[in-house]
Amino acid sequence: MKIADVQKVLVADDDAVNREVLGELLKPEYTVLLAKNGAQALERAARHQPDLILLDVMMPDMDGYEVLRRLRADPQLAHIAVIFISGLDHPEDEAAGLKMGAADYITKPFNQTVVMARVALHLQVVRQRRMLERLANVDGLTELANRRRFDEVYEMEWQRARRNGTALSLALLDVDAFKQYNDRYGHPAGDRALRSVARAAANAMRRPGDLAARYGGEELVLLMPETDAFEARMVVEGICEAIAALAIPHESSGVAPMLTVSVGGATLAADGREESAALFEAADTHLYRAKKAGRNRIVW
Ligand code: GH3
Ligand code: MG
Ligand code: MG
Ligand code: MG
């Protein structure tokens with residue numbers, strides 16, 4: 001297992017001996033974080049984003065149930081798996097804990113092998129969920145968001161822009177003469193070039209909410225919420241400059257001796273009444289114009 005794959009477990013217990021025993025037990029396999037009360041558990045969870053929390057129920061000030069409630073109410077923390085570990089050993093206590101959304105419930109005094117087995121099981125579930133999310137949302141070649149993810153985010157951002165009357169810019173980027181590139185340099189080189197273009201685009205999209213996705217083939221889509229046409233065009237110009245700086249030779253392009261792209265952009269008019277598809281179509285029309293006008297340019 002690579003170091004980066006080591007999963008993080010937060011142990012929250014007001015009893016120092018419990019913290020110590022659980023910490024020592026988990027340390028050989030996981031990165032362990034400790035918290036001695038509920039408030040500290042929430043603070044450590046927010047700061048370190050653990051994969052799993054072993055959460056004591058009975059703690060002064062804020063009990064484990066309240067910690068779990070607050071975790072679930074915070075979008076940044078809601079997904080973290082929680083295993084209650086408690087001296088409350090009635091079936092009703094266990095039922096209450098599981099009903100609140102805990103992944104599991106372990107009673108004290110605990111058996112160390114059982115704790116390790118259940119922690120391993122729930123961390124495996126966490127890894128599998130991440131993998132599924134990745135497979136569903138990320139394009140395998142470019143590592144950008146895939147079209148499915150884009151469609152989802154676009155609909156959400158479009159509604160949000162409409163509701164708040166904020167700007168929303170969208171650009172379609174298509175590699176010029178990419179068929180010739182593949183013919184001249186081979187498909188694997190085409191894949192590498194596409195990955196470089198994708199990275200250049202992603203690096204330039206820096207605002208939270210910005211999204212670069214692979215829409216299909218050699219076409220990327222760039223979504224920039226709360227970004228007007230002027231600002232969005234600046235970002236796209238930066239991307240085109242970064243792609244030019246890559247200086248990927250393309251001798252049979254017919255446009256330039258190196259790989260270039262054409263971009264069609266559009267910005268949602270604050271007073272417009274069109275549907276989300278109309279903004280996309282406008283960008284697509286502008287991309288078509290950029291191609292017709294000779295490629296290697298931006299039309300907004
Ligand atoms: P234009 O300037 O009009 O965009 O010309 P073009 O050759 O780029 O456009 P066209 O749509 O004719 O061809 C797109 C090419 O992109 C064809 C396809 O083989 C290639 N392509 C699409 N996806 C991939 C990919 O994942 N890897 C590689 N290597 N090539 C791809
Ligand atoms: Mg306690
Ligand atoms: Mg193309
Ligand atoms: Mg294309």
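1. Ala145 is buried in this predicted model, and the count behind that label is 23 other C-beta atoms within 10 Å. The residue sits in the loop between α5 and α6. Its contacts, leaving aside residues up to four places away in sequence, are Asn137, Val138, Asp139, Phe150, Leu211 and Ala213. Leu211 is 66 residues from Ala145 in sequence, yet the two C-alpha atoms are 7.7 Å apart.

2. Glu143 belongs to the loop between α5 and α6 as well. Its phi is near 70°, a positive value in a residue other than glycine. Glu143 is partly exposed, because 14 other C-beta atoms lie within 10 Å, while Ala145 is buried with 23.

3. The helix before that loop is α5, residues 112–137. It has 26 residues and spans 38 Å from first C-alpha to last, close to the 38 Å expected at 1.5 Å a residue. How many of the residues of α5 are buried? The number is two of 26, so the helix lies largely in the open.

4. On the other side of α5 is the loop that joins β5 (104–107) to the helix, and Pro109 is found there. The peptide bond from Lys108 to Pro109 is cis, with omega near 0°. A reader preparing the model for further calculation will find this bond in the loop between β5 and α5.

5. The loop between β3 (52–56) and α3 (64–73) holds Asp61, and Met59 lies in that loop too. Asp61 has a positive phi of about 70° although it is not a glycine. Are these two residues buried or exposed? Asp61 is exposed, since 9 other C-beta atoms lie within 10 Å of its own. Met59 counts as buried because it has 22 C-beta neighbours inside 10 Å.

6. Met59 touches Asp14, Asn37, Gly38 and Gly64, when residues up to four places away in sequence are not counted. Its C-alpha atom is separated by 8.7 Å from that of Lys36, a residue 23 places away along the chain.

7. Leu172 lies in strand β6. With 23 other C-beta atoms within 10 Å, Leu172 is buried. Its contacts beyond four places in sequence are Tyr215, Glu219, Val221, Val263, Gly264, Ala283, Asp284 and Leu287. The C-alpha atoms of Leu172 and Leu220 are 5.9 Å apart, with their positions 48 residues apart along the chain.

8. Strand β6 (168–175) also takes part in the surroundings of ligand 1. Which residues are closest to ligand 1? They are Asp176, Phe178, Lys179, Gly190 and Gly217, out of 16 that surround it. The elements giving two or more residues to this shell are β6, α7 (178–185) and α8. Helix α8 gives the most, with four residues. By class, the shell has seven charged, five nonpolar and four polar residues.

9. Helix α8 (residues 187–204) also packs against helix α9 (residues 229–246). The angle between them is about 140° and their axes are 9 Å apart. The crossing of α8 past α9 is right-handed. On the α8 side the contact is made by Ser196, Val197, Ala200, Ala201, Asn203 and Ala204. On the α9 side it is made by Val235, Gly238, Ile239, Ala242, Ile243 and Leu246. Residues three or four places apart in an α-helix point the same way, because there are 3.6 residues a turn. By class, the contact of α8 with α9 has nine nonpolar, three polar and no charged residues. The shell around ligand 1, by contrast, has seven charged residues.

10. Arg289 is found in helix α10 (residues 276–292). Arg289 is partly exposed, because 13 other C-beta atoms lie within 10 Å. It touches Gly264 and Val299, residues up to four places away in sequence not being counted. Gly264 is also one of the residues that Leu172 touches. The C-alpha atoms of Arg289 and Leu52 are separated by 52 Å, and the two residues are 237 apart along the chain.

Terms used. Residues numbered from 1 in each chain as written. Chains lettered and ligands numbered in written order. Predicted model: local features only at pLDDT ≥ 70, side-chain atom pairs only at ≥ 80, totals over all residues. Axes fitted to C-alpha atoms, helices over the stretch in contact; angles between N-to-C directions. Left-handed = near helix turned anticlockwise from the far one by under 90°. Contact = placed C-beta atoms within 7 Å. Nonpolar A, V, L, I, M, F, W, Y, C, P; charged D, E, K, R; others polar. Near = placed C-beta within 6 Å. Expected span 1.5 Å × (residues − 1). Buried ≥ 20, exposed ≤ 12 C-beta atoms within 10 Å, placed from the backbone.
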